[in-house]
Amino acid sequence: MVDDSQTRPDDIICDCSGTTRAKIESLFEQGIIDIDTISRKTGAVSGCGSCEWDIEALLDELVQRLS
């Protein structure tokens with residue numbers, strides 16, 4: 001799990017597209033919870049793909065917060 005004390009909304013999750021943590025959180029709040037839709041909306045994962053695991057971890061973290 002990501003340590004919230006070391007993360008900021010403007011942290012870039014995807015270097016290729018410039019997608020930030022805040023953008024992914026915003027999409028999650030809109031009910032977008034799958035990586036394919038996030039990729040289509042932001043361009044994340046469509047470049048080198050190295051951010052896929054970070055995005056999945058962030059989504060897992062956001063789901064756990066709801067529990």
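Buried residues account for 33% of the 67 residues in this protein, which is a predicted model. Keep that share in mind, since a good part of the walk below goes through the buried side of one helix. For the overall dimensions, the C-alpha atoms fill a box of roughly 30 × 25 × 15 Å along the principal axes. The radius of gyration is 11 Å, and because a compact globule of 67 residues would come out near 11 Å, the two agree. On the outside, the accessible surface comes to about 4300 Å², with 48% of that belonging to carbon and sulfur atoms. If you care about electrostatics, count 6 positive and 14 negative side chains, with the centres of the two sets 7 Å apart.

Now for the layout. The protein has three helices and two strands, and going from the N terminus the order is β-β-α-α-α. UniProt, in an unreviewed entry, places a feature called "domain: BFD-like [2Fe-2S]-binding" at residues 12–61. Over that stretch the chain is 54% helix and 10% strand, while its end C-alpha atoms sit 16 Å apart. As for how the chain meets itself, take the contacts with a sequence separation of 6 or more: 45% of them come from residues 24 or more positions apart.

Helix 2, residues 35–42, is a good place to step inside. Its buried residues are Ile-35, Thr-37, Ile-38, Ser-39 and Thr-42. What covers them? The cover includes strand 2 (19–20), helix 1 (21–29) and helix 3 (52–66). A bit of helix geometry helps when you look at that list: an α-helix has 3.6 residues a turn, so residues three or four places apart point the same way. With that in mind, look again at Ile-35, Ile-38, Ser-39 and Thr-42, which are among the buried residues of helix 2.

Zoom in on Ile-38, which has its place in helix 2. Is it buried or exposed? Ile-38 counts as buried, because its relative accessibility is 0%. Leaving aside residues up to four places away in sequence, Ile-38 touches Ile-24, Leu-27, Ile-32, Gly-43, Ile-55 and Leu-59. You can also gauge its position against Thr-19: the two are 19 residues apart along the chain, and their C-alpha atoms are separated by 9.8 Å.

Follow the chain out of helix 2 and you meet Gly-43, whose phi is positive, near 90 degrees. A little further along comes Val-45, in the loop between helix 2 and helix 3. Most residues other than glycine have a negative phi. Val-45, though, has a positive phi, near 70 degrees, and is not a glycine. Its relative accessible area is 21%, so Val-45 is classed as partly exposed; the cut-off for buried is under 20%.

The other loop to look at joins strand 1 (12–14) and strand 2, and Ser-17 has its place there. Ser-17 is partly exposed, with a relative accessible area of 33%. What does Ser-17 touch, once residues up to four places away in sequence are set aside? The answer is Thr-42, Gly-43 and Ala-44, and here you may recognise Gly-43 as the residue that follows helix 2. Ser-17 and Ser-39 are 22 residues apart in sequence, with 9.6 Å between their C-alpha atoms.

Asp-15 is found in the loop between strand 1 and strand 2 as well. Its relative accessible area is 71%, so Asp-15 is exposed. Along the sequence, Asp-15 and Cys-51 are 36 residues apart, yet the C-alpha to C-alpha distance is 7.9 Å.

Finish at helix 1, where Glu-29 is found. With a relative accessible area of 69%, Glu-29 is exposed. Glu-29 and Lys-41 are 12 residues apart in sequence and 14 Å apart in space, C-alpha to C-alpha. Compare that with where we began inside: Ile-38 at 0% relative accessibility, Glu-29 at 69%. Helix 1 itself is part of what covers the buried residues of helix 2.

Key:
Residues are numbered from 1 along each chain as its sequence is written. This is a predicted model: local features need pLDDT of at least 70, side-chain atom pairs count only at pLDDT 80 or more; totals for chains, interfaces and linings use all residues. Side-chain values use heavy atoms; hydrogens and water are left out. UniProt positions are given in the numbering used here, feature names are shortened, and annotations may be inferred rather than shown by experiment. Helices (H or I, at least four residues) and strands (E, at least two) are DSSP runs, numbered from the N terminus. The radius of gyration is taken over C-alpha atoms; the globule rule is 2.2 Å times the number of residues to the power 0.38. Buried means under 20% relative accessible area, exposed over 50%, partly exposed in between (1.4 Å probe, protein chains only). Contact means heavy atoms within 4.5 Å. Accessible areas come from the Shrake-Rupley method with a 1.4 Å probe; for residues, only the protein chains shown count as cover. Lys and Arg count as positive and Asp and Glu as negative; His and the chain ends are not counted. The place of a charge is taken as NZ of Lys, CZ of Arg, CG of Asp or CD of Glu.
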